[in-house]
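Thanks for coming. I have a few minutes on pockets and cysteines, so please look at the sequence and the structure on the screen.

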Amino acid sequence: MTVVAHVSDTHAGNAVQDPAARMASVMDHLLAMSPPPDLLVVTGDVADHGLPEEYAAARAWLDRWPGLVAVCPGNHDVREAFVEGLGIAARSVVDAAGFRFVMLDSLIDAVDGKRVDEGRLGDEQLGWLHEQLGASDAPALVCLHHPPTTIGLELMDPIRLVDGDALAAVLDHHPHVVATLVGHAHTMSVSTFGGRPLLIGGGVVSTVTADAEALDTLWYGAPPSLALHLIDDTESPARVTTHWRALPG
């Protein structure tokens, strides 16, 4: 059994609610696990404004983790500052416990200094993904920030991945892809995409609530959350069981 810790949307430097204590709570929880997860995956929005000091805080937080780390950027990140501040490429492949984790960059650069909230992979990166998935028959998980399909949230659906259909077409060629991991939506949830699980990490800094709930749409009073994905590769295809955790902030 391979265990993946999945954290998303830390938003270091957030002006509404400093996430430092929440980030520490999440890391403390993971470090107390015995045995520890095989890999820590962070699906974007590491920083809130993409500032160097925000990435310095995020890197100090990540440096507490002694094991493997896989991180991709989100719409609040700034690509060059992300790479320089974290020392992590914007897209990468991380091999862990017999699995391949393909980390994608769905960030669209700001236009005239204004952040773009929807995501895009683009033809070149989709071709790169196809090559990476074709390079090994090892079971793979595809990770990015933006959900590639609608998830029933009025706030988030208009700013999803714009080329989700093209991503699904790539996955169709690779049956050894086990699941897709994303963030962005700030809600612990599960859907399907390309006939496989779509596992959406909750937000560390805040939660986006369902449209019908009598709560703030962006709920800063919700506890920080994380997911533990347990992957059983003794079955074919590999089976994923997810345990969600909401922690004291």
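Sorted by class, the residues that line the largest pocket are 7 nonpolar, 7 polar and 5 charged. That lining is made of 19 residues. Nearest the centre of the largest pocket lie H11, H76, R115, H186 and L218. Its volume is about 270 Å³. Please keep in mind that this is a predicted model.

Now the second largest pocket. Its volume is about 170 Å³, and 14 residues line it. N75, D77, V78, A110 and R115 are the ones nearest its centre. R115 is thus on both lists, for the largest pocket and for the second largest. By class, the lining of the second largest pocket has 6 charged, 5 nonpolar and 3 polar residues.

On to the cysteines. How many disulfides does the structure hold? The count is 0. A disulfide is a covalent bond between the sulfur atoms of two cysteines, and the cut-off used here is 2.5 Å between the sulfurs.

Why does C72 not form one? The cysteine sulfur closest to that of C72 is in C143, and because the two are 6.8 Å apart, they are too far for a bond. Taken from the other side, the sulfur of C143 has that of C72 as its closest cysteine sulfur, again at 6.8 Å and too far for a bond.

Are these two cysteines buried or exposed? C72 is buried, at 0% relative accessible area. C143 is buried as well, with a relative accessibility of 0%. The cut-off for buried is under 20%.

That is what I have; questions are welcome.

Note on methods: Residues numbered from 1 in each chain as written. Predicted model: local features only at pLDDT ≥ 70, side-chain atom pairs only at ≥ 80, totals over all residues. Heavy atoms only, no water. Buried < 20%, exposed > 50% of the residue type's maximum accessible area, 1.4 Å probe, protein only. 1 Å grid on protein atoms, 1.4 Å probe; cavity = no way out; pocket = protein on both sides within 12 Å on 5 of 7 lines; lining within 4 Å. Points joined across faces, edges and corners; volume = space filled by probe spheres on them. Nonpolar A, V, L, I, M, F, W, Y, C, P; charged D, E, K, R; others polar.
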